[in-house]
Amino acid sequence: MPYPEIRPRRLRRNAAVRRLVSETRLDPAELVVPMFVKEGLTEPRAIASLPGVLQHSRDSLRKAAVEAVQAGVGGIMLFGVPATRDDTGSGGVDPAGVLNTAIRDVVAEVGDSTVVMSDLCLDEFTSHGHCGLLTPDGGVDNDATLAAYADMAVAQAAAGVHVVGPSGMMDGQVGVVRKALDAAGHRDVSVLAYAVKYASAFYGPFRDAVESALEGDRRTYQQDPANLRESLREVELDVAEGADMVMVKPALPYLDVVSAVRAAVHVPVAAYQVSGEYAMVEAAAANGWIDRERVMLETLTSIRRAGAQIILTYWAVEAAQLLRERY
C-alpha cells in the first residue's frame with residue numbers, strides 16, 4: 001500500500017515499542033573484557049593511551065575479576081606484562097611467569113563464574129616484540145614458533161585456564177595447540193582462534209599496555225587489510241584444525257569480514273574491538289564531540305549486528321552494567 005497507509009515510524013514511536021521490535025540485542029554474557037597484569041606492581045597503573053584501562057597488580061586483578069563477574073560479563077581475556085624478556089619468550093612457558101600466575105589467581109578467585117581466557121602468543125614475552133621465534137636473518141620462524149605455542153598452551157591449561165587464544169597468526173597454530181592440549185590431558189580446554197588478524201594501525205595503545213618491544217611490523221604474518229577472501233581461507237583452516245571459536249580482529253573497520261565469517265562457519269564468531277577503536281571514541285568524548293555512552297553501545301551493537309556472537313571490548317564491564325540498568 002502507498003503512503004500514508006504504510007508508516008514504518010509507528011514502530012519507532014517510543015522506547016517500549018523500539019525495544020519490542022529491536023532486531024539486535026546486546027547481552028552482557030556476550031562481552032569479554034581484556035585485562036593486563038604487570039609483574040612486580042603493587043598498585044594498579046593507568047595506561048595513558050587507554051583512558052580507564054589499567055595495568056593490574058595481582059591483587060587489583062583479582063578485585064577487577066570479581067567486579068567483572070558481578071557485572072555479568074561472559075569472560076576475561078588475560079595478558080601478561082613481564083618484568084624481563086628474552087629472545088625466546090621463555091616467560092610465557094614458565095609456570096611462575098606473570099601470565100600463568102594471573103590465570104591461577106583469577107581462576108581461584110572466580111572459578112567457573114565466568115570464562116577465563118588467556119592470550120597465547122610470545123610477543124609480550126620476547127625481547128624483540130615479535131609473535132614468534134626468529135631465524136638468524138631476523139624473520140619469524142613459523143614451525144619453531146609452533147613448538148613454543150604448544151608448550152605455552154599446556155602451561156596455561158595447567159594453570160587452570162578455560163580457553164586459550166592463539167593470536168600469533170602462525171600457519172598451523174590451532175592444530176598444534178589442539179594436539180598438545182589433548183596429549184597433556186586438557187581435552188576440555190577450548191581454543192579461541194585469532195583466525196583473522198589484520199596488520200592494523202589500530203593496535204597502538206595495546207602496545208603501550210603490554211610495553212611492547214616491537215621494532216618494525218608484523219606484515220609477514222598478520223593479514224593485509226585489503227584482503228577478505230584470504231580471511232575466509234584462514235577461518236576454514238582453523239576450523240578444520242579444531243578451533244572451537246574463531247575471531248576477527250580488529251572489529252569496526254572489518255564489519256564486512258565479521259559478516260562474511262559468520263556466514264561461512266557454524267562455530268561461534270568473536271570480534272575484538274581493539275585498543276585504537278576504544279581510544280578514538282574516548283578521545284572524542286573527552287573533547288565533548290560525541291555522546292560517550294551512546295557511541296559506546298552503538299559501536300558494540302554494530303559489531304553484534306554484523307554477526308559477532310562474542311565481543312572483546314575494554315568497555316565490557318561498563319557496558320554490561322549499563323545494559324543491566326536499562327533492560
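Colleague: Before we start, what does "buried" mean here?
Modeller: Buried means under 20% relative accessible area. Keep in mind that this is a predicted model.

Colleague: OK, so is Met-169 buried or exposed?
Modeller: Met-169 has a relative accessibility of 6%, so it counts as buried.

Colleague: Where does Met-169 sit?
Modeller: Met-169 is in the loop between β6 (163-166) and α5 (173-183). Its phi is positive, about 60°, although Met-169 is not a glycine.

Colleague: What sign does phi usually have?
Modeller: Most residues other than glycine have a negative phi.

Colleague: And what is phi for Glu-211?
Modeller: Phi of Glu-211 is near 55°, so that's a positive value in a residue other than glycine. You'll find Glu-211 in the loop between α6 (204-209) and α7 (229-241). At 31% relative accessibility, Glu-211 counts as partly exposed.

Colleague: Switching to helices. How far apart are the end C-alpha atoms of α2?
Modeller: They are 20 Å apart. Helix α2 has 14 residues, 58-71, and at 1.5 Å a residue they should span 20 Å, so the two values agree.

Colleague: Which residues of α2 are buried?
Modeller: Ser-60, Leu-61, Ala-64, Ala-65, Ala-68 and Ala-71. These residues cover an arc of only 145° around the axis, so they lie on the same side of α2.

Colleague: What do those buried residues pack against?
Modeller: They pack against three strands and two helices by name: β1 (31-38), β3 (54-56), β4 (75-81), α3 (98-110) and α11 (316-326).

Colleague: Which exposed residues are on the face turned away from the buried side?
Modeller: Lys-63 and Gln-70 are the exposed residues carried by that face of α2.

Colleague: Back to Ser-60. What does its side chain touch?
Modeller: The side chain of Ser-60 makes a polar contact of 2.9 Å with the side chain of His-56. Ser-60 has a relative accessible area of 11%, which is why it counts as buried.

Colleague: What comes just after α2?
Modeller: Gly-72, with a positive phi of about 95°.

Colleague: Last topic, peptide bonds. Which two residues does the cis one join?
Modeller: A cis peptide bond joins Lys-249 and Pro-250, with omega at about -5°. Most peptide bonds are trans.

Colleague: Where is Pro-250, then?
Modeller: Pro-250 is in the loop between β8 (245-249) and α8 (255-264).

Note on methods
Residues are numbered from 1 along each chain as its sequence is written. This is a predicted model: local features need pLDDT of at least 70, side-chain atom pairs count only at pLDDT 80 or more; totals for chains, interfaces and linings use all residues. Side-chain values use heavy atoms; hydrogens and water are left out. Helices (H or I, at least four residues) and strands (E, at least two) are DSSP runs, numbered from the N terminus. The expected span of a helix is 1.5 Å times one less than its number of residues. Buried means under 20% relative accessible area, exposed over 50%, partly exposed in between (1.4 Å probe, protein chains only). The arc is that of the directions from the helix axis to the C-beta atoms. Contact means heavy atoms within 4.5 Å. A polar contact is a pair of N or O atoms within 3.5 Å; within protein, one must be able to donate a hydrogen and the other to accept it, and residues adjacent in sequence count only if both atoms are side-chain atoms.
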